[in-house]
Amino acid sequence: MTQNKPTVLTIAGLDPSGGAGVIADIRTFIEFDCFPTAALTALTFQNTQAVSGAVNQSAATVRAQVEAIIKDTHVVAVKTGMLPTREIVAEVARLVHETKLTPPVVDPVMSSTSGFELMSDDAFLALKNELLPVALVVTPNIPEAERLTGFRIDNTADMHRAAQAIRELGINAVLIKGGHLKDRKGSGEAIDILDNDGDVTVFRDEWINVAGVRGTGCILSAAIASSLGKGLILEDSVREAKRYVTEIIRHAKEIV
Ligand code: PLP
């Protein structure tokens, strides 16, 4: 297909209720005026309250989807979301190594807000050891960063230390999302830290206290990939993506 918009790919799970996963990613790509493509890693069963199950794709079916897309489409940016098994994680890493698939923005999705495990333990290990070294940037929240580093993150100093520790896993850039930070309460700020090869940018936004906004991690990483695909540098891509997610959260608060 010929079209003029930058083509962006999500490799992620399908949330049929549309709050998170591939549908949220595609919505975001379109909002950022990009052309959306998607490779499904899992079909989940969920609604606005909870995830009740999932059927995973195989490594071969994920590879077949990606290979077919990149064969005749120039994909300028990629993001990954739910990568449920070790085999799928390893296959995505291999695709980056062996094909022209561009290094992805990795959202290291561990579990849903409602507590359903979206990724097995050995998949998380493969993500850490095999996928991060070939990724462009990883976007953990606090629990995900704690799992990647093995230490507790209670304040912004810990976030800086964690970003450096994650870079030492072999990835150049880390965005740690401070939304879950324990000492944030009362500060009125949402603090995220981008460490790009040692250049650190601290993003401070108003903390908007609203429950029940789903898929914000998916949307943020999809927005970063879209902005990168449009040619922005990483710092500006994160800034644009954060602005977009903050507006979604603000809007959600208005309609509660
Ligand atoms: N379902 C899928 C397929 C996802 O990819 C994700 C997050 O990445 C979730 C559910 C979790 O979304 P939430 O944190 O809004 O529960």
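**Exercise 1. Identify the residue just after helix α1 that takes a positive phi, and determine which face of α1 is buried.**

*Solution.* Just after α1, the residue with a positive phi, of about 60 degrees, is Asp33. The model is a predicted one, in which local features need pLDDT of at least 70, side-chain atom pairs count only at pLDDT 80 or more, and totals for chains, interfaces and linings use all residues. Residues are numbered from 1 along each chain as its sequence is written, and side-chain values use heavy atoms, with hydrogens and water left out.

Step 1. Helix α1 spans residues 21-31; helices (H or I, at least four residues) and strands (E, at least two) are DSSP runs, numbered from the N terminus. Its buried residues are Gly21, Val22, Ala24, Asp25, Thr28 and Phe29. Buried means under 20% relative accessible area, exposed over 50%, and partly exposed in between (1.4 Å probe, protein chains only).

Step 2. Viewed down the axis of α1, these buried residues fall within an arc of 160 degrees, so they line one face of the helix. The arc is that of the directions from the helix axis to the C-beta atoms.

Step 3. On the face turned away from the buried side, α1 carries the exposed residues Ile30 and Glu31.

**Exercise 2. Locate Gly19 and list its contacts.**

*Solution.* Step 1. Gly19 sits in the loop between β1 (7-14) and α1. With 17% relative accessibility, Gly19 counts as buried.

Step 2. Not counting residues up to four places away in sequence, Gly19 touches Ala24, Arg27, Arg214 and Gly215; contact means heavy atoms within 4.5 Å.

Step 3. Between Gly19 and Ile191, which are 172 residues apart along the chain, the C-alpha separation is 24 Å.

**Exercise 3. Describe the salt bridges that Glu98, Asp195 and Asp192 form.**

*Solution.* Step 1. The structure holds 22 salt bridges, each being a side-chain nitrogen of Lys or Arg within 4 Å of a carboxyl oxygen of Asp or Glu.

Step 2. Glu98 pairs with Arg63 at 3.1 Å, N to O. Glu98 belongs to helix α3 (residues 86-98) and Arg63 to helix α2 (residues 59-72), so this pair ties together parts that are 35 residues apart in sequence. Glu98 is exposed at 53% relative accessibility, whereas Arg63 is buried at 17%. Arg63, Glu67, Glu91, Arg94 and Glu98 are linked in a network of salt bridges.

Step 3. Asp195 meets Arg167 at 2.8 Å, N to O. This pair links distant parts of the chain, Asp195 in strand β8 (residues 189-196) and Arg167 in helix α6 (residues 156-167), 28 residues apart. Asp195 is buried, with a relative accessible area of 4%.

Step 4. Asp192 bridges to Lys242, with the closest N and O atoms 2.4 Å apart. Asp192 lies in strand β8 and Lys242 in helix α8 (residues 234-255), 50 residues apart. Both Asp192 and Lys242 are buried.

**Exercise 4. Characterise the surroundings of the ligand.**

*Solution.* Step 1. The residues around the ligand include Gly13, Gln46, Thr113, Arg214, Gly215 and Cys218; a residue counts if one of its heavy atoms lies within 4 Å of the molecule.

Step 2. A polar side-chain atom of Gln46 is 2.8 Å from a nitrogen atom of the ligand. An N or O atom in the side chain of Thr113 lies 2.6 Å from a ligand oxygen atom, and a polar backbone atom of Gly215 lies 2.8 Å from an oxygen atom of the ligand.

Step 3. Of the 400 Å² of accessible area that the ligand has on its own, the protein covers 91%; accessible areas come from the Shrake-Rupley method with a 1.4 Å probe.

Note on methods:
A polar contact is a pair of N or O atoms within 3.5 Å; within protein, one must be able to donate a hydrogen and the other to accept it, and residues adjacent in sequence count only if both atoms are side-chain atoms.
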